[in-house]
Amino acid sequence: MFKFLTLTTSSTFTTSTTTMQLRLLKDKILAKLMLVLTLASVSLLLVIGIGLYYKSIPLLQRLSWGTLLTSGVWKPLKGLFGFYPFIMGTLWVTGIAIIIALPLSLLTSLYIVEYAPARVKRALSPFVNLLSGIPPVIFGVWGVLFIIPLIQKYIAPHFVEYSTGYSVLAGGIVLAVMIFPLIVSIISEVLRTIPQELKDASLSLGATKWETIKKVVLRKALPGIIAATVLAISRAFGETIAVLMVCGNNAVVPHSVFDTGYPLPALIANNYGEMLSIPLYDSALMFAALLLFIIILLFNIISRVILARLERKLAV
Amino acid sequence: MTQTPHISVQHLNVHIANQQILKDISINIPDKKVTSIIGPSGCGKTTLLKTFNRLLDNTAGIKITGKVLVDNEDIYDPAAEVTHIRKKMGLLSQRPYPLPMSIYDNVAYGPRIHGTREKAELDQLVEEQLKATGLWNEVKDRLNTSASRLSIGQQQRLCLARGLAVGPEIILGDESTSALDPVSTAIIEDLFISLKEKYTIVLVTHILRQARRVSDYIIFVYMGKIIEFGPTEEVLLNPKQELTKEYVKGYIS
Amino acid sequence: MRRRKLEELFFRSLMVLSTVIVGGSFFLIVGTIFYKGAPYMNLDMITKIPGGGFYIGKEGGVLNAIIGSIYVAGGATVLGLLISIPVAIFINMYMDGKKFLSNTLRMAYDVLFGIPSIVYGAFGFLIMVYFGIRASLLGGIIAVTLLVIPILVRTLDEVIRTVPGELRDAALSLGATRWETAKVVLRQIRPGIFTAILLSFGRAVGDVASVMFTAGFSDNIPTSLHQPAATLPLAIFFQLGSAVDEVQGRGYASALILTIIVLIITILAELLIKKFSKFRN
């Protein structure tokens, strides 16, 4: 506090009016500058959307939205672009990831917030954070080193005749581990806001702790859990490299978890090299990026709005 | 006093995080009467109340020694079943906390947990308790709407009905009218007076007027110790201890 | 009653199991990388650039990628800071009274935060094509800056909000302008700024999709903004794709290098956060 006072006294106690005017002018200019920067960076959202759309126009002039989204024919050299396999690939991988990650993360959050002794809590939380810092490509390497052989040698043989291990299952497992920290942190946050008195009310009626969680806590936390899931889905949709390395990258629609898949981000990443040499290919890839962008944008906004409403309700 | 005590506290000491909150408390709560616990803020009255239904069990750093006998069974006995004990008591807290479900489900919550499944039985239970707390006519047409839509006074009565639905013997009230307007407060106070025919009631309150109106007995707690205990009129108008005299000094009937 | 207790025991065990899986996956991943990468790790890897034939098994290291990543991440962080600090200050100090606007802005940045790096990469590529920039260090920096701005704004915003309003009010009532008060606030949150830098650098150094199209790749260390730059994640990716065992192994070692770098950064950031919040309390 004292350092600060000396800082300002040196400038405020020179009472010349021109210094005053200069300071105010400087303040005004800087304010305008900051406004510009803020508006510019926020408008990125619009600019990206418009840019991607603009680049997709050549493609949209040739094929309708309907064909693009439902056709399974992908022959760039013939100018046929059906995105259906890639959309399905994305859905399969994301679906598997959520099915694995949501229950595990929910149970973990419940344990951390409701049951774990303080020592365990303190020991555990850094590792969940560290997990979120690991770069996606490392997850991909781990997927190749650990998950692929696991599936190929130990899991698949029970179900199918032969599998290379490269599958949507592998993509889903790797993605699930990547989104653990996200779901755990949001749900934990939401659980912590549930008032102890509400839980006490249930306990006072003779319910066990678990019954209280089942019937009261989870109900109260439901919007937050949904928001976390929606956010996690949008994160999973956009993950590129980790999934690319373990998915197989075959442009066919998966019919079982052991089939290969080719999610949208992988499509973009794998083919950007040929983008400029085949006509309309660059439009196609930009269209894929636009699809991703729109879906993720929507999911993000929905999730953030839910979370914001929750926050406001609790602040009352 | 020759009635059988419903709750008998013997040499109860409570420490929370190395601070002693309750010091060697020994008291008998009379059966089917209203007993109010009064005292200045922070003296430990809410803590004392919460030891009755073992709600303090999960507080961090808590240490409890001594006995609390309910119907002559020590509830702090290691072999005792907590949920069973809590079922004997209904707790009404300072602010109403309706469960995130419909009015019907709120009241039916307790019975369902303890095994009552028959719809007819639950229907009857819900109606009975809502009538007992005077809510029935106000909500009978909207039993399936969310409980949070009720006014605060109604919510508190709902919480009372909810607590009564599990068939307790004892009702505990922790400053349960402090969030309510005068009309709702009067309704709840009247309910306590009428309910004591069937239940033993222990209330924590800092409103001396309320204590006088509602209770048969008063316990005065100061700094974690019981200073005085006796019939209402005696403690409030003719206190024997200096500290009690100081505390009720401002109170003119 | 017994059924109720059994149910609780059952779910509680499930919870512990889940926690072990979620917490343990960190160790599993890092452990696997260490285990597979350590045998191929040697000093050459971090001190030499690829020699001819590196990708078919001959000599060299990944110094080109290490330095390239540092340049890209560093450049993006600096550029990002130049934009994000004013924005964070603006939202917090110049917009008081307009709660709705500032909250909407915050949400916009949260949404930007959720946009995947591949979209930033694709968009960055579009910008490069539009301005005629080739795949280069500059291109990579532009794309990664876009990626990093939301992270910086979010972190800085959170940190600035921890400065008590009284400090700001005291300054303003002494006659300071908003900018001068901002300078004081910035000084106050210096550790927070470092945390933001670390977090954004860590994210930038490990990302692939944003640099894939935009930074190009090269076996050499770039000496100008217009030369292509190798990045560690891409180097890992390429090495892993090789049919030669030796090269694959070196890919694992490169992954190990990247992991160690990012772990150090993240741990530092965690420590700073802890120290910062203790210091404030």
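Of the two pairs of chains in contact, it is chains A and C that share the most contacts, two residues being in contact if their C-beta atoms, placed from the backbone, lie within 7 Å. The model is predicted, so local features need pLDDT of at least 70 and side-chain atom pairs count only at pLDDT 80 or more, while totals for chains, interfaces and linings use all residues. Residues are numbered from 1 along each chain as its sequence is written, and chains are lettered from A and ligands numbered from 1 in the order in which they are written.

A good place to start is the meeting of chains A and C. Chain A brings 79 residues to this contact and chain C brings 70 residues. On the side of chain A that touches chain C, helix H2 (residues 17-42) of chain A gives the most, with 13 residues; helices here are DSSP runs of H or I with at least four residues, strands are runs of E with at least two, and both are numbered from the N terminus. That side of chain A holds 55 nonpolar, 15 polar and nine charged residues. In this grouping, Ala, Val, Leu, Ile, Met, Phe, Trp, Tyr, Cys and Pro count as nonpolar, Asp, Glu, Lys and Arg as charged, and the others, Gly among them, as polar. Chain B and chain C, by contrast, are joined by no contact, and their closest C-alpha atoms lie 8 Å apart.

Turning to chain C itself, there are 12 helices and zero strands. The C-alpha atoms of chain C fill a box of roughly 70 × 70 × 35 Å along the principal axes. Of the 281 residues in chain C, 52% are buried, that is, with 20 or more other C-beta atoms within 10 Å of their own; 12 or fewer would make a residue exposed, and anything in between partly exposed, with C-beta atoms placed from the backbone.

Chain C divides into domain 1 (2-40) and domain 2 (47-280), with bounds that come from an automatic or database domain assignment. Taken over C-alpha atoms, the centres of these two domains of chain C are 31 Å apart. Eight residues of domain 1 of chain C are in contact with seven residues of domain 2 of chain C.

Finally, one residue of chain A deserves a look. Val168(A) sits in helix H8 (residues 168-192) of chain A and is buried because 32 other C-beta atoms lie within 10 Å. Beyond its neighbours within four places in sequence, Val168(A) is in contact with residues including Trp92(A), Ile96(A), Cys247(A) and Pro254(A).
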